[in-house]
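Biologist: I am new to this structure and would be grateful for a close look at a single part, the sheet. Please describe how its strands are arranged and what lies around them.

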Amino acid sequence: MASPGARVTLIVSDPSRAEPRAQLVAAIQQRLPDVRWTLAVATGTHGPCNLDALGLPSDILANATVVNHDGHAATDLVEVGVTPRGTPVRLHRCVVDADLVIATGCIRPHYFAGFGAGVKAIFPGLGEARAIRQNHTLKTAPGARAGIVDGNP
């Protein structure tokens, strides 16, 4: 999936999500040994987190550029467009600059977005706080409910 030397951004959830991060990251890094790693912590609007709370071994952190996302830090964000519902999408540049982006996370019902994980690691996980809050207003829209994908705003 990635040539030697490729820039790979590997996204993990912040400590607010109980997940087997160490095992997920180790398995992925084992399969792509010769790439340049960025480990991005998807914090959404939570802000930078305590990296020790992620449960990642120090060798994983030492062999990667670590992005402890701050959705309020405009200098780290890149505008990539606007959703069909008018939400501006601004992402951390580690996503835009990567040759390959890998999102980890446990898929589970989400209270208004159908399911969590997957693409949600990129946005809202690595998005701009203001745009995330705008996107989250959709939770009051008709049809927004857990476990529903088709027709969910």
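Modeller: Two strands are said to pair if DSSP finds at least two bridges between them. The model shown is predicted, and the sheet may be described on that footing. In this model, strand β1, residues 7-13, pairs with β6 in the parallel sense, and four bridges join the two. Within this pairing, Ile11 has Ala103 of β6 as its bridge partner.

Helix α1, which spans residues 21-31, packs on the sheet. Its contacts there are with β1, β2 (36-42) and β6, and its direction makes about 165° with that of β1.

The sheet as a whole is open and consists of four strands with parallel pairing, in the order β3-β2-β1-β6. Because β3 and β6 (100-103) each have a single partner strand, they stand at the edges, and one side of each is left without a neighbour in the sheet. From one strand to the next, the twist averages 20°.

From the edge strand β3 (65-68), one may turn to the loop between β3 and β4 (77-82), where His72 lies. His72 has a relative accessibility of 52% and therefore counts as exposed, the cut-off for that term being over 50%. Apart from its neighbours within four places in sequence, His72 is in contact with Thr45, Ala129 and Arg133. Of these contacts, Thr45 is 27 residues from His72 in sequence, while the C-alpha atoms of the two are 8.1 Å apart in space.

Key
Residues numbered from 1 in each chain as written. Predicted model: local features only at pLDDT ≥ 70, side-chain atom pairs only at ≥ 80, totals over all residues. Heavy atoms only, no water. Buried < 20%, exposed > 50% of the residue type's maximum accessible area, 1.4 Å probe, protein only. Contact = heavy atoms within 4.5 Å. Axes fitted to C-alpha atoms, helices over the stretch in contact; angles between N-to-C directions.
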